[in-house]
Amino acid sequence: MALTLRIEGIEQSFPAAAFQLHRKLGTPVKLTVFLQLHHGNSYRLNDLSDRILQSAAAMEVCWKDTALFPKVIIASAESTDNREPEVMLSGYYNRLPEKVFVPRRRILKADDLKQLLRDNFAEMITWEKAVGNHLSGVKFPDKKKTNHIQNGISDWEMLHQLINSYNHAAEVKDALILSGDAADTKYQLVWAQDSKYRELFLQKNRGIDKHPQNGLTPKLQFGRSKSKPLLLQEGNLQAMHVSYNMEHGDLQAAFWDSWREKSLPLYYNDHMVYELTDRVQNTGGNDFLEWNSFLHVLPDNQLLKLPGLPPAALWACNGKVTGRKPTSEWIEVTLDKFEAGSNELDVRISTPYSGKDQQGGLHLVPEMNSEVLVVKQPNWQSPVVLLGNIRNREARVKAPYWQLEDPLTWHFKDVSFTLNALKAEASEDLFFRSKNHTITSSEEITLKTKGVTAKMDNSEMHIQ
């Protein structure tokens, strides 16, 4: 057979009956190869199983010794229900480095969403110019001080969490989705809804109406969908969609190379293609490959239901103050067990009252190296906020007790208070200034001093 499968570590190639390339918005690009073994060579299953169990094995589909795909790591191997020992091998082209699936603790900072994704997730995703321009316009209210907390989850999970948070806040037409890039091992960040492509006139660049192979017009018919498209489910209802079968005829390598690198969504007859499956079968011996494409398209005004994660939860943590300014509304807090270089939080100071212009009220700034409790709301664009100091040593005086180490300034418009007794002590000076000063006592006024000089209307009164 001229359609074969090469597997790294096994010298002799395997005969292949067919292969299938599956693309669907929101999923990686998947290659499935069907090996048609017969009872006479079924012993080769042992070679295959031994190789898969040893280490990661790459496979490569070839037609007449020419590779039709880049190599892909085998992700699964299973037998079919056919009488012959047919084996189905599958792999995903969008294979990311293992490190992106390792849990991490770090703080992410950027002025806008594009910078945030580019600086932290560039090895996983790409995007087109129009998407990049839109991401640049998603500004964070406090710029880099709008910290994003990656707390014990992988880069892959954090990326999904950020996109999900964006989608919760964005208009429906501006929703984004991660989808396998057919021309790269990365994922593409693309618009999820048809209306956005039409708004920006992008659908024409993704059209597949014309069939370049031999100048033929593809034969179209209603096809069958073996599984419900998950993106279109809403409760127990199946959303409207149409499936087509596009018969290409014999596979021509030159056209196939450009076709297999087309990433979704595509457009056929001005309708959005959200799922595309190519199936190529070796039906003509060594000279002919029968190629069919199965397209799933959406009717007008039909929205894709996005696979979203639950909204981010409330996050709280304690840390140590490592930066403060007496008049600033921000402090810097270092977190323990977070990655060095990505463990500095920008924390907004909270207060019971900040005044009419936000510059007055009660302003207390935690001291350097003191322990604080901070919190970030589920809203991804909200700042990290100070809840207060955490006392870790016994107080000098029993409660209730108030001591400030820095000079204290009070500004009041009018103050009235009633006390049972007031005792004030100053180790140095006690100074009062007012336009009019009245002291009224229902009984006695006692002054004890070494000497007093009182000036009243340019006259002096000496008290010995």
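How many bridges join strand β19 to strand β20, and do the two run parallel or antiparallel? There are 4 bridges between β19, which covers residues 315–324, and β20, which covers residues 330–334, and the two strands run antiparallel. Please keep in mind that this is a predicted model.

One pairing can be followed at residue level: the bridge partner of lysine 320 is threonine 334, in β20. Both strands belong to a closed barrel of 5 strands, in the order β19-β20-β21-β23-β22, with mixed pairing. Ignoring direction, neighbouring strands of this sheet are turned by 55° against each other on average.

Strand β23 (384–389) also helps to place leucine 419, which lies in the loop between β23 and β24 (452–456). Leucine 419 takes part in a nonpolar surface patch of about 1200 Å². Its partners there include Trp402, Trp410, Phe412 and Phe417, along with several leucines such as Leu362 and Leu422. Because its relative accessibility is 46%, leucine 419 counts as partly exposed.

Now for the cysteines. A disulfide is a covalent bond between the sulfur atoms of two cysteines. A search of the whole structure finds 0 disulfides. Cysteine 62 counts as buried because its relative accessibility is 0%, and cysteine 317 is also buried, with a relative accessible area of 17%. The cut-off for buried is under 20%.

Here are the three accessibility values side by side:

| Residue | Relative accessible area | Class |
|---|---|---|
| Cysteine 62 | 0% | buried |
| Cysteine 317 | 17% | buried |
| Leucine 419 | 46% | partly exposed |

Conventions
Residues are numbered from 1 along each chain as its sequence is written. This is a predicted model: local features need pLDDT of at least 70, side-chain atom pairs count only at pLDDT 80 or more; totals for chains, interfaces and linings use all residues. Side-chain values use heavy atoms; hydrogens and water are left out. Patches are made of residues with over 30% relative accessible area and no salt bridge: like charges are joined within 9 Å, nonpolar side chains (Val, Leu, Ile, Met, Phe, Trp, Tyr) within 5 Å. Accessible areas come from the Shrake-Rupley method with a 1.4 Å probe; for residues, only the protein chains shown count as cover. A salt bridge is a side-chain nitrogen of Lys or Arg within 4 Å of a carboxyl oxygen of Asp or Glu. Buried means under 20% relative accessible area, exposed over 50%, partly exposed in between (1.4 Å probe, protein chains only). A disulfide is a pair of cysteine sulfur atoms within 2.5 Å. Two strands pair if DSSP finds at least two bridges between them. Axes are lines fitted to C-alpha atoms, for helices over the stretch in contact, and angles run from 0 to 180 degrees between N-to-C directions.
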